[in-house]
Amino acid sequence: MTIVYISVAIVAIAIVVLIFYIIKTLKSVQGVVEQLGNTSSAVEKQLQGITTEVDHLMKTTNRIAEDVEGKSESLNGLFQTADELGKMSEKLNHSLQTITNRASVEAERQAPQVSQFVQWGNAAIDLYAKWQKRKQS
C-alpha cells in the first residue's frame with residue numbers, strides 16, 4: 001500500500017508541476033496576446049490614417065484628371081482651328097499661285113503692247129522736253 005501512496009503522491013506532484021508549467025505558459029501566451037492586441041490597434045490606427053490619405057489622394061487625382069480632360073478638350077478645338085487655318089493657307093497659296101500664273105501669262109501676251117506704249121511714252125516725253133526747250137529759248 002505504501003507503494004500506492006507513493007505512486008499517488010508522485011502523480012499528484014507531477015500534476016502540480018504540470019499545472020504550474022501550464023499556468024506559466026498561459027501567462028506567457030496572455031502577454032503575447034496582449035502585445036498582439038496592442039499591435040493590431042496600432043496597425044488599425046495607422047491604416048485609418050493611410051486610408052484618409054489615400055482617399056485625399058484619390059480625390060486630388062480625380063480633380064487633376066478632370067482638369068486635364070477639360071484642357072485636352074480645349075486643345076482639341078485649338079488643333080481643329082490650326083488644321084482649318086492650314087487648309088485655308090493652302091487654298092490661299094493655290095489662289096495666289098493661280099493669279100500669279102495668269103498675270104504672268106497676261107503680261108507675256110501684252111508685252112508687245114506695253115513695249116509700244118513705253119516707246120510712245122518716251123517719244124511724248126522727248127517731244128515735251130523739246131517743246132519746253134523751245135519755249136524757254
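Start with Ala129, which sits in helix H2. With a relative accessibility of 41%, Ala129 counts as partly exposed. This is a predicted model, and its secondary structure amounts to two helices and zero strands. The radius of gyration is 55 Å, well over the 14 Å that the globule rule gives for 137 residues, so the protein is more spread out than a compact globule.

**Overall shape and surface**

- Along the principal axes, the C-alpha atoms take up a box of roughly 180 × 35 × 20 Å.
- What share of the 137 residues counts as buried? The figure is 0%.
- About 12,900 Å² of the protein is exposed, and 65% of that comes from carbon and sulfur atoms.
- For a feel of the distances, take Ala129 and Gln48: they are 81 residues apart in sequence, and their C-alpha atoms are 106 Å apart in space.
- Another such pair is Gln110 and Val43, with their positions 67 residues apart in sequence and 97 Å from C-alpha to C-alpha.

**The two helices and the loop**

- Helix H1 covers residues 2-109, and helix H2 covers residues 111-136.
- Gln110 is in the loop between H1 and H2. Its relative accessible area is 29%, so Gln110 falls in the partly exposed class.
- How far should H2 span, going by 1.5 Å a residue? Its 26 residues should span 38 Å, and the end C-alpha atoms are 37 Å apart, which agrees.
- H2 is hardly covered, with a count of zero buried residues among its 26.

**Nonpolar patch**

- Val43, Leu47, Ile50, Val54 and Met58 make a nonpolar surface patch of about 440 Å².
- One of these patch residues, Ile50, belongs to helix H1.
- Val43, also part of the patch, is the residue that lies 97 Å from Gln110, C-alpha to C-alpha.

**Salt bridges**

- As general background, side chains of opposite charge can pair when their charged atoms come close.
- How many salt bridges does the count come to? There are four, and three of the pairs are set out below.
- Lys59 and Asp55 join their side chains in a salt bridge at 4.0 Å, N to O. They are four residues apart in helix H1, so about one helical turn separates them.
- Asp55 has 42% relative accessibility, so this residue counts as partly exposed.
- Asp67 and Lys71 form a salt bridge too, at 3.3 Å from N to O. Both residues are in helix H1, four residues apart, or about one turn of the helix.
- Is Asp67 buried or exposed, or in between? At 42% relative accessibility, Asp67 counts as partly exposed.
- Glu106 pairs with Arg109 in a salt bridge, where the closest N and O atoms are 2.2 Å apart. The two are three residues apart in helix H1, so the separation is about one helical turn.
- The partners in that bridge fall into two exposure classes: Glu106 is partly exposed, with a relative accessible area of 33%, while Arg109 counts as exposed at 55%.

**Aromatic pairs**

- Searching the whole structure turns up two aromatic pairs.
- Phe20 and Tyr21 have ring centres 5.5 Å apart and planes at 75°, so this pair is edge-to-face. The cut-off for that label is over 60 degrees.
- Phe20 has a relative accessible area of 51%, which makes it exposed.
- Tyr128 and Trp131 form a tilted aromatic pair, at 6.0 Å centre to centre and with 40° between the planes.
- Why are Tyr128 and Trp131 separated by about one helical turn? Because they are three residues apart in helix H2.
- Tyr128 is exposed, with a relative accessible area of 52%, whereas Trp131 is partly exposed at 47%.
- Helix H2 thus hosts Tyr128 and Trp131, as well as Ala129, and none of its 26 residues counts as buried.

Notes. Residues are numbered from 1 along each chain as its sequence is written. This is a predicted model: local features need pLDDT of at least 70, side-chain atom pairs count only at pLDDT 80 or more; totals for chains, interfaces and linings use all residues. Side-chain values use heavy atoms; hydrogens and water are left out. Patches are made of residues with over 30% relative accessible area and no salt bridge: like charges are joined within 9 Å, nonpolar side chains (Val, Leu, Ile, Met, Phe, Trp, Tyr) within 5 Å. Accessible areas come from the Shrake-Rupley method with a 1.4 Å probe; for residues, only the protein chains shown count as cover. Buried means under 20% relative accessible area, exposed over 50%, partly exposed in between (1.4 Å probe, protein chains only). Rings of Phe, Tyr and Trp (its six-membered ring) pair if their centres lie within 6.5 Å; planes under 30 degrees apart count as stacked, over 60 as edge-to-face and the rest as tilted. The radius of gyration is taken over C-alpha atoms; the globule rule is 2.2 Å times the number of residues to the power 0.38. The expected span of a helix is 1.5 Å times one less than its number of residues.
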